[in-house]
Amino acid sequence: MADNANGTEEDPTPPRVRCRECLKEIPSSEAEQPEAEEYALYFCGLECFQKWHERAEKEIARREGDNQD
Ligand SMILES: [Zn+2]
């Protein structure tokens with residue numbers, strides 16, 4: 001029998017997510033999460049979000065340029 005009479009092994013640390021830009025781990029409650037995206041993205045701050053967003057927009061523009069109908 002385990003010493004722990006509670007029987008529960010709850011993790012006291014809050015759930016963490018990783019910043020999409022700098023990969024820093026942050027508590028999900030503190031993460032910036034842009035709602036416009038179709039899938040969950042987390043950022044440690046708006047600065048990282050803006051960096052990522054700028055790059056994403058360039059990538060999309062390039063892809064659309066390649067794929068001319
Ligand atoms: Zn970051």
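Start by selecting Glu47: this residue is exposed, since its count of other C-beta atoms within 10 Å is 12, and a residue counts as exposed at 12 or fewer. Keep in mind as you click around that you are looking at a predicted model.

**Stop 1: the helix around Glu47**

Colour residues 46-66 and you will have helix α1 on screen. Glu47 sits in this helix. How far apart are the end C-alpha atoms of α1? They are 30 Å apart, and this agrees with the 30 Å that 21 residues should span at 1.5 Å a residue. Helix α1 is hardly covered, with a buried count of 1 among its 21 residues.

Now draw a distance from Glu47 to Glu21. These two are 26 residues apart along the chain, and 9.4 Å separates their C-alpha atoms.

**Stop 2: the whole chain**

Zoom out for a moment. The chain has 1 helix and 2 strands, and from the N terminus the order of elements is β-β-α. What share of the 69 residues counts as buried? The figure is 10%. Contacts are worth a thought here too: among those joining residues at least 6 apart in sequence, 22% link residues at least 24 apart.

**Stop 3: strand β1 and the segment before it**

Select Arg16, which belongs to strand β1. Arg16 is partly exposed because 14 other C-beta atoms lie within 10 Å. Leaving aside residues up to four places away in sequence, Arg16 touches Glu25, Ile26, Pro27 and Ser28. Measure from Arg16 to Pro27 and you should find 4.4 Å between the C-alpha atoms, although 11 residues separate the two along the chain.

Next, step back to Pro14, in the segment before β1. Is Pro14 buried or exposed? Pro14 counts as exposed because it has 10 C-beta neighbours inside 10 Å. With residues up to four places away set aside, Pro14 touches Pro27, Ser28 and Ser29. The C-alpha atoms of Pro14 and Pro27 are separated by 6.3 Å, with their positions 13 residues apart along the chain.

**Stop 4: the loop with Leu23**

Move on to the loop between β1 (16-18) and β2 (25-27), where you can pick out Leu23. Most residues other than glycine have a negative phi. Leu23 has a positive phi, near 65°, and is not a glycine. Leu23 is exposed, because its C-beta has 9 others within 10 Å.

**Stop 5: the nonpolar core**

Which residues make up the largest nonpolar core? Select Ala31, Leu41, Tyr42, Phe43, Cys44 and Phe49, 6 residues in all. In soluble globular proteins, nonpolar side chains tend to be buried together.

Stay with Cys44 and show its neighbours. Not counting residues up to four places away in sequence, Cys44 touches Cys19, Cys22, Lys24, Ile26 and Ala31. One of these, Ala31, is also a member of the core.

**Stop 6: Gly45**

End the tour at Gly45, in the loop between β2 and α1. Gly45 is partly exposed because 16 other C-beta atoms lie within 10 Å. Draw one last distance, from Gly45 to Glu30: their C-alpha atoms are separated by 8.6 Å, and the two residues are 15 apart along the chain.

Conventions: Residues are numbered from 1 along each chain as its sequence is written. This is a predicted model: local features need pLDDT of at least 70, side-chain atom pairs count only at pLDDT 80 or more; totals for chains, interfaces and linings use all residues. A nonpolar core is a set of buried Ala, Val, Leu, Ile, Met, Phe, Trp, Tyr and Cys residues joined through C-beta atoms within 7 Å. A residue is buried if 20 or more other C-beta atoms lie within 10 Å of its own, exposed if 12 or fewer, and partly exposed in between; C-beta atoms are placed from the backbone. Two residues are in contact if their C-beta atoms, placed from the backbone, lie within 7 Å. Helices (H or I, at least four residues) and strands (E, at least two) are DSSP runs, numbered from the N terminus. The expected span of a helix is 1.5 Å times one less than its number of residues.
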